[in-house]
Amino acid sequence: MSLSFPVTTNPSPASQARFDEIMANPGFGDYFTDHMAVVNWTKDDGWTNASIQPYGPFQLDPATAVLHYAQEVFEGLKAYRHADDSIWLFRPQANAARLNASAARMMLPAIDEADFLAAIAELVKADLRWVPAGGGEQSLYLRPFMFASEVFLGVRASQRVTFSVIASPVGSYFPGGIEPVDIWVTDSWARAGIGGTGAAKCGGNYAASLIAQYEGYEHGCSQVLFIEAAGKDRIEELGGMNVFLVTTDGRLITPELTGTILEGVTRSSILAVAEDLGLRAEERRIAPADFFGLIADGTAAEAFSCGTAAVLTPIGSFRTATDTYRLAAPAGEQTLAIRNRLLDIQYGRVPDTHGWLHRVV
Ligand code: COI
């Protein structure tokens, strides 16, 4: 049976002045809307008590399982306001499927796609004013997440789980917008290993990436690229984004999904959009020597990272402890063409030939 989401309206929503101030410069992930969706699960009763309620803190017992063993998964997707004021989600069914795949890996319960979609749609409807006007690159970032909420310290799958969705009006993920970013290539830290949680969207992967990201900051880079941990024989992904090279002979190359890489929704959309634009997509294992060799000899003139949050961000260079590999044409023609086509689909400026958009209002 599908869940319904009764709404308790926030008695103290953001004032018009505060709202205007936030929307003038939302940044990324700093501000939240007036409401949130919450659903509880127990082993005996399944998913119950769905609601849209005023945004606010969870009250958590210090022994709540997630605080100790990180049994948690999350998603990221966006709501876009089109020119006619209609509001759309981009491929939310893919997020539902990935959340459930991540949940299965972390011994958390599955949630029906219909309930996942309803939680998001009802939240967006309650917070409609927070979906920024289209035109720029602003959107309402939605963060569904699920965590072990049972109070206990034994190591076993939680018998109480909370699913929630919060929403944040956002602009660019990187402060420089589409200015090319420099990427640090770590050889000392790993993000994921074979049989580990690399393909799951769980908080622990991001926590594990931070030390390398900070190493990157020390070298003037904004993100970090991970290489497969055991054999050091293939390029994987950035801390929170997938990575692509574009060759001058029209190929778009990205690491294949090996179980240690996140199956990005933006990644798969870009592979399809690139084919629409006449590029040849290549998903394959790429050895570091091959990857950097393609840049060094000029075969790959463009590179970019992608994710829901950052959309598609051009890369200016990759830096290792010993070398710097500069892209000949950062923010080049193909990168911008793919980026613009994806944004045009998301904002309803070109026909949605793939059937990716899901109308909310
Ligand atoms: C997203 O792109 O939505 C993510 O979850 C990545 C995170 C770096 C914000």
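Visitor: Which residues are around the ligand?
Guide: This is a predicted model. A residue counts if one of its heavy atoms lies within 4 Å of the ligand. That shell consists of Phe74, Gly76, Tyr141, Arg143, Tyr173, Lys201, Gly240, Gly307, Thr308 and Ala309.

Visitor: How many of the shell residues are nonpolar, polar and charged?
Guide: Tyr counts as nonpolar here, and Gly as polar. By class, the shell has four nonpolar, four polar and two charged residues.

Visitor: Which domains supply at least three residues each to the shell?
Guide: The shell draws on two stretches of the chain, 16-170 and 181-346. Each gives at least three residues, and they are domain 1 and domain 2.

Visitor: Which residue has a polar backbone atom 3.1 Å from an oxygen atom of the ligand?
Guide: Two other contacts use side chains. A polar side-chain atom of Tyr141 is 2.6 Å from a ligand oxygen, and one of Lys201 is 2.8 Å from a ligand oxygen. The backbone contact at 3.1 Å comes from Thr308.

Visitor: How much of the ligand's area does the protein bury?
Guide: Taken alone, the ligand exposes 280 Å². The ligand sits in the largest pocket. Of its exposed area, the protein buries 90%.

Visitor: How much space lies in the largest cavity?
Guide: The structure holds two cavities of 30 Å³ or more. Residues lining the largest cavity include Gly76, Gly307 and Thr308, which are also around the ligand. The space in this cavity is about 90 Å³.

Conventions. Residues are numbered from 1 along each chain as its sequence is written. This is a predicted model: local features need pLDDT of at least 70, side-chain atom pairs count only at pLDDT 80 or more; totals for chains, interfaces and linings use all residues. Side-chain values use heavy atoms; hydrogens and water are left out. A polar contact is a pair of N or O atoms within 3.5 Å; within protein, one must be able to donate a hydrogen and the other to accept it, and residues adjacent in sequence count only if both atoms are side-chain atoms. Accessible areas come from the Shrake-Rupley method with a 1.4 Å probe; for residues, only the protein chains shown count as cover. On a 1 Å grid over the protein atoms alone, a cavity is a set of points where a 1.4 Å probe fits but cannot get out, and a pocket is an open set with protein on both sides within 12 Å along at least five of seven lines; lining residues have an atom within 4 Å of a point. A molecule sits in a cavity or pocket if more than half of its atoms lie within 2 Å of its grid points. Domain bounds come from an automatic or database domain assignment. Grid points are joined across faces, edges and corners, and a volume is the space filled by probe spheres set on the points.
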